[in-house]
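This report covers a metal site, a helix and a set of paired strands. The sequence and structure are shown first.

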Amino acid sequence: AKRAGKGRVVWLSARGETAPVARQAQLRRRLQLAVAAGGFRLHYQPLLDLATDGSLAVEALLRWHDEVLGSVPPSEFIPVAESVNLIQQIGRWVFNEACAQAGAWLEAGSPRTISINVSPIQLAANKVVGELLAAMAAHRVPAELIRVEITESSAIADFPRAIKQLAQLREAGIGVDLDDFGTGYSSVGMLRDLPLNTVKIDKSFIDNIDTSEREAAFVGGLINIAHAWGLKVTAEGVERPEQLEVLRELGCDTAQGYYISRPASASDLPGAQALAALQRPQPAAVL
Ligand code: C2E
Ligand code: MG
Ligand code: MG
Ligand code: MG
C-alpha cells in the first residue's frame, strides 16, 4: 500500500510500520546480500518460570548487522523481508540456527527450550511444519525443546490454513504460543479458536501494572481467561522488580523482559546464579 504524506511517498508494511521508499530499497538490496552471505545471528532472551524461579527456556531473536547500514532492528527489516519474500529463506536460516543451538545445549547436558518467531507470511506459504521438522531432525532436537510464536495477524490472514498448520505443529509435540496478545487484531476469540499452549501478553499491558490497580486488574482478568481455557500465560516486557511481584500475585506463569535479562548471544546468556538474584525476597528471620 502507498500513502502520500507531505508529498513524500511512504511504504506501508504488513505490520503497519512505514519506511521511506529510498531506505526501503536500500534495505532490500542489503538484505539480499545478507541472505546470500550469512549476515544474521540469533540472540536469546530467557523466560523466567515464576513457579520455579528458574529459566530453562529462551526466545530466539534475529539480529542483523550490515556493513553499510549498521545494526538494523527486526521491526524494520522483517517487514521488508516479508514484502520481497526473503522471509522464507531467512526463516529457514532461523529454524536451522535455533535447532543447531538447541542441539548443542542438549549435547552439553544443559538443554533449553527455544521459542522461534514465525512470520504470518511464512505460515501462509504452508512450509513451516516441514521445514521446522527437517531442521529439528538434522540437529537431533526433540520436539519438547522447540516452540513456535505466532502473531494474531498470521491467524487472521487465512484462518483455516493457520489452524491446520498450528494443529500439525502441536501434533508433532511443538508448543504453539500466541505472541503480542492484545495488540493488532485482538480478540479473545483467538484464544478459544486457535490450537495454542501459551498466550504472551504484550508489553503495553504490562508497562503500568505496578503503578495502576486498573491495569493490574486488567492483566489479572486476561490471565484468568487464559487459565480458564487451559492456556499458560507469559508476560512480555518486564522491566522492573515491582512488575514481577505483581505478576506473581496475579498467578502469571512466565515472565520475560529486560529486568530478567536482555537478549544476548548464546555464550553471554545469564546462568542460574544470575537469575537467582531475581528470586522472591526471603522472609526476614524472626529474632
Ligand atoms: P517479539 O517476538 O514480541 O519479541 C520481543 C521483543 O521485545 C524483542 O525485540 C525484545 O528484544 C524486546 N524486549 C524484550 N524484553 C523487553 C523489555 O523489557 N523492554 C523492551 N522495551 N523491549 C523488550 P526485537 O528483538 O527487536 O524483536 C522485535 C520483533 O521482531 C519480535 O517481537 C518479533 O515479532 C520479530 N522477530 C524477531 N526475531 C524474529 C525472527 O527470527 N523471525 C520473525 N519472523 N520475526 C522475528
Ligand atoms: Mg516473540
Ligand atoms: Mg512478543
Ligand atoms: Mg512484541
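## Metal site

In this predicted model, Asp180 counts as partly exposed because its relative accessibility is 24%, between the 20% and 50% cut-offs. Asp179 has a relative accessibility of 6% and therefore counts as buried, the limit being under 20%.

Asp179 (OD) and Asp180 (OD) are protein donors of the magnesium ion (ligand 3), together with Glu236 (OE). These donors lie 1.8 to 2.7 Å from the ion, and their spacing along the chain is D-D-x55-E. Asp179 also bridges this ion and the magnesium ion (ligand 2); the two ions lie 3.6 Å apart.

## Helix α5

Helix α5 spans residues 128-138, and its buried residues are Val128, Val129, Glu131, Leu132, Ala135 and Met136. The elements covering these buried residues include the helices α3 (87-107), α4 (120-124) and α7 (159-171), along with β7 (113-117) and β8 (146-151). After α5 comes Arg140, with a positive phi near 50°.

## Strands around β5

Strand β5 (residues 54-66) pairs with strand β4 (residues 40-49) in the antiparallel sense, over 9 bridges. The two form a hairpin with 4 residues between them, and Asp53 in the turn has a positive phi of about 55°. Within this pairing, Trp64 of β5 stands opposite Phe40.

Trp64 also stands opposite Val72 in β6. Strand β6 (residues 70-72) runs antiparallel to β5 and is joined to it by 3 bridges; 3 residues lie between them in a hairpin. With β7, β5 pairs in the parallel sense over 4 bridges, and Glu59 has Ser115 of β7 as its bridge partner.

Methods:
Residues numbered from 1 in each chain as written. Chains lettered and ligands numbered in written order. Predicted model: local features only at pLDDT ≥ 70, side-chain atom pairs only at ≥ 80, totals over all residues. Heavy atoms only, no water. Donors = N, O, S within 2.8 Å, 3.2 Å for Na, K, Ca; no water. Buried < 20%, exposed > 50% of the residue type's maximum accessible area, 1.4 Å probe, protein only. Contact = heavy atoms within 4.5 Å. Pairing = 2+ DSSP bridges.
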